[in-house]
Amino acid sequence: MLQRVRKILLFDEHVCPWWLGYFFDNPLRRLFHKPDALFRPYLGPGMTAVDIGCGMGFSTIAMAAIVGAAGRVIAADLQPQMLSIVHRRATKAGVADRIELHQCLSDRLGITATADFALTFWMAHEVPHLEAFMEEIHSLLKPGGSYLLVEPAVHVGARRFEEISGHALQAGFVPAARPEIAFSRAVAFEKPGIIHSAAAHHTDR
Ligand SMILES: C[S@@+](CC[C@H](N)C(=O)[O-])C[C@H]1O[C@@H](n2cnc3c(N)ncnc32)[C@H](O)[C@@H]1O
């Protein structure tokens, strides 16, 4: 047990265990991560979003509020315990009707939906096969869709972050912005294609 805790704390273990989720998904985090402000540039009412490695749903629930009753958020994670917690929290927040839970395999996301926005928040460094992972994210997005990659600055150094971003570039994404996100390194990518802004989507409806 002690050995396991040591491996986790040193980030020597690939996947964050579900119970450690309470450590970074709690009310304190809202003081420095304002999910509404973080995701509004990419999302609007009626859109489809994918929260990959959603954990306990910190971002999922906020995105569900932004897309509204006509939109959809796919909460995807490897661990069923995370998905159960997302479901419980979404029900409490009154947004469960627009959230779809999806359990991924360790080597494949397996998401069949087509989305406007994909998010990986503090999770891509846990993925062993980043090449296939980024290709899957790229293929599930609509042309003109956005992908926000956010990694924890504490244990993903600048060089490792460039390596992870490099896989996104290889998959065909183009960098669009470098948002400032507390304790993080982040890039917003676009899948080249038609212009697809949240505002345009809203007025089209
Ligand atoms: C450090 S947690 C971050 C959770 C959440 N994104 C947040 O910001 O609170 C990383 C999450 O990614 C999930 N994960 C790791 N590898 C994954 C993979 N290959 N596919 C889907 N989920 C994965 C873990 O189960 C865990 O819930």
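Ile74 has Glu100 in strand 3 as its bridge partner, and I should like to start from this pair. The model is a predicted one. Strand 2 and strand 3 run parallel and are joined by 5 bridges. On this part of the structure lies helix 4, which packs on the sheet and touches strand 1, strand 2, strand 3 and strand 4. The direction of helix 4 makes about 165 degrees with that of strand 2.

Let me now turn to the sheet as a whole. It is an open sheet of 7 strands, in the order 3-2-1-4-5-7-6, and its pairing is mixed. In general, the strands of a sheet pair through backbone hydrogen bonds, either parallel or antiparallel. Which strands stand at the edges here? They are strand 3, residues 99-103, and strand 6, residues 174-177. Each of these has a single partner strand, so one side of each is left without a neighbour in the sheet. From one strand to the next, the twist averages 25 degrees.

At the other end of the order we come to strand 7. Strand 5 and strand 7 pair in the antiparallel sense over 7 bridges, and Leu149 stands opposite Val187 of strand 7. Strand 6 and strand 7 are likewise antiparallel, over 3 bridges; there, Pro175 has Phe189 in strand 7 as its bridge partner. Strand 6 and strand 7 form a hairpin, with 6 residues between them. In its turn, Phe183 has a positive phi of about 60 degrees. Helix 7 lies across strand 5 and strand 7, and runs at about 170 degrees to strand 5.

Helix 7 also takes part in covering helix 6. Which residues of helix 6 are buried? In this helix, residues 130-140, they are Phe133, Met134, Ile137 and Leu140. These residues cover an arc of only 130 degrees around the axis, which puts them on the same side of helix 6. What covers them includes strand 1 (48-52), strand 4 (115-121), strand 5 (141-152) and helix 7 (158-171).

For contrast, consider Thr91, which is in helix 5, residues 80-93. Is Thr91 buried or exposed? Thr91 is exposed, because 12 other C-beta atoms lie within 10 Å, and a residue counts as exposed at 12 or fewer. The C-alpha atoms of Thr91 and Ile61 are separated by 9.7 Å, with their positions 30 residues apart along the chain taken as the distance apart.

I come next to the ligand. It is surrounded by 22 residues, and the closest are Cys16, Gly53, Gly55, Phe121 and Met123. The elements that give two or more residues to this shell are helix 4 (58-67) and strand 2 (72-77). How do the residues of the shell divide into nonpolar, polar and charged? There are 14 nonpolar, 5 polar and 3 charged residues.

Finally, some totals for the chain. The secondary structure comes to 8 helices and 7 strands. Of the 205 residues in the chain, 38% are buried. Among the contacts with a separation of 6 or more, 72% are between residues 24 or more positions apart.

Note on methods
Residues numbered from 1 in each chain as written. Predicted model: local features only at pLDDT ≥ 70, side-chain atom pairs only at ≥ 80, totals over all residues. Buried ≥ 20, exposed ≤ 12 C-beta atoms within 10 Å, placed from the backbone. Helix = DSSP H or I, 4+ residues; strand = E, 2+ residues; numbered from the N terminus. Arc of directions from axis to C-beta. Contact = placed C-beta atoms within 7 Å. Near = placed C-beta within 6 Å. Nonpolar A, V, L, I, M, F, W, Y, C, P; charged D, E, K, R; others polar. Pairing = 2+ DSSP bridges. Axes fitted to C-alpha atoms, helices over the stretch in contact; angles between N-to-C directions.
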